[in-house]
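Here are my notes on the model you asked me to look over. Keep the viewer open and click along as you read.

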Amino acid sequence: LDLRRNTACFTWRGVICNWDGTIKSLSLISIGSGSLDHLRNITSLEHLTMQNNVLLGNIPDWLCDLPLKRLILKANSLTGTIPPCLFSTPTLQVLDLSNNKLSG
């Protein structure tokens, strides 16, 4: 997602952008249900907080390809196992997946 020409990017609540308009940080708390799939093309994402939603399904492996430093997906309805690649992502400093329906 490239928002270089969209100055609103810098004023949206819960969104922090890099100088070039690409999204650096996304914080969506208590917004409702859905999945993480619609975030797949935000390749510059370093901080992702989506807590107290009703996110459904598995945690996708493609999250490991992002330069994430912080991933907070607590208090959702995520299922399945935690992708092993999250534990070896070199940039990831904070991982909170508590209060989900994860196994393994």
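1. Let's begin with a puzzle: which side chain meets that of Asp96 in a salt bridge? Lys74 does, with 4.0 Å from N to O. The two are 22 residues apart, with Asp96 in strand E8 (residues 94-96) and Lys74 in the loop between E6 and E7, so this pair links distant parts of the chain. Asp96 is partly exposed, at a relative accessible area of 22%, and Lys74 is partly exposed too, at 28%. Do bear in mind as you read on that this is a predicted model.

2. How many salt bridges does a search of the whole structure find? The search gives two. Besides the pair above, the side chains of Glu46 and Lys69 meet at 3.5 Å, N to O. Glu46 sits in the loop between E3 and strand E4 (47-49), while Lys69 sits in the loop between E5 and strand E6 (70-72), so the bridge ties together parts that are 23 residues apart in sequence. Is Glu46 buried or exposed? With a relative accessible area of 17%, Glu46 is buried, because the cut-off for buried is under 20%. Lys69, at 32%, is partly exposed.

3. Now turn the model until you can see the sheet. Four strands make an open sheet in the order E3-E5-E7-E9, and the pairing is parallel. Strands E3 (33-34) and E9 (101-103) stand at the edges with a single partner strand each, so one side of each has no neighbour in the sheet.

4. You can walk across that sheet one pair at a time. E3 pairs with strand E5 (residues 54-57) over two bridges, and here Ser33 stands opposite Val54. E5 then pairs with strand E7 (residues 77-81), again over two bridges; Gly57 has Leu78 as its bridge partner in E7. Finally, E7 and E9 pair over three bridges, with Lys101 in E9 as the bridge partner of Thr79. While you are looking at strands, a handy rule is that side chains in a regular strand alternate between the two faces of the sheet.

5. Next, the nonpolar core. In soluble globular proteins, nonpolar side chains tend to be buried together. The largest nonpolar core here has 24 residues, and the ones that touch the most other members are Leu36, Leu48, Leu63 and Leu73. Strand E1 (15-17) and strand E2 (23-27) are the elements that give two or more residues to this core.

6. Leu73 is worth a click of its own. What is Leu73 in contact with, leaving aside its neighbours within four places in sequence? Its contacts include Leu36, Leu48 and Leu63, as well as Met50, Leu55, Leu78 and Leu97. Asp96 and Asn100 are also among the contacts of Leu73. You have already met Asp96 as the salt-bridge partner of Lys74.

7. There is one disulfide in the whole structure. Cys64 and Cys85 form the link, with their sulfur atoms 1.9 Å apart, and it is right-handed, with 70° about the S-S bond. Cys64 lies in the loop between E5 and E6 and Cys85 in the loop between E7 and E8, so the disulfide ties together parts that are 21 residues apart in sequence. Cys64 counts as buried at 15% relative accessibility, whereas Cys85 counts as partly exposed at 24%.

8. Stay with the disulfide and find Thr89, which lies in the loop between E7 and E8. Thr89 is buried, with a relative accessible area of 11%. A polar atom of the Thr89 side chain lies 2.8 Å from the backbone oxygen of Cys85. Leaving aside neighbours within four places in sequence, Thr89 is in contact with Cys64 and Leu66.

9. Last, two backbone angles to check. Most residues other than glycine have a negative phi. Asn52, in the loop between E4 and E5, has a positive phi near 60°. Ala75, in the loop between E6 and E7, also has a positive phi near 60°. Asn52 is partly exposed at 40% relative accessible area, and Ala75 counts as partly exposed at 23%.

Methods
Residues are numbered from 1 along each chain as its sequence is written. This is a predicted model: local features need pLDDT of at least 70, side-chain atom pairs count only at pLDDT 80 or more; totals for chains, interfaces and linings use all residues. Side-chain values use heavy atoms; hydrogens and water are left out. Two strands pair if DSSP finds at least two bridges between them. A nonpolar core is a set of buried Ala, Val, Leu, Ile, Met, Phe, Trp, Tyr and Cys residues joined through side-chain atoms within 4.5 Å. Buried means under 20% relative accessible area, exposed over 50%, partly exposed in between (1.4 Å probe, protein chains only). Contact means heavy atoms within 4.5 Å. A disulfide is a pair of cysteine sulfur atoms within 2.5 Å. A polar contact is a pair of N or O atoms within 3.5 Å; within protein, one must be able to donate a hydrogen and the other to accept it, and residues adjacent in sequence count only if both atoms are side-chain atoms.
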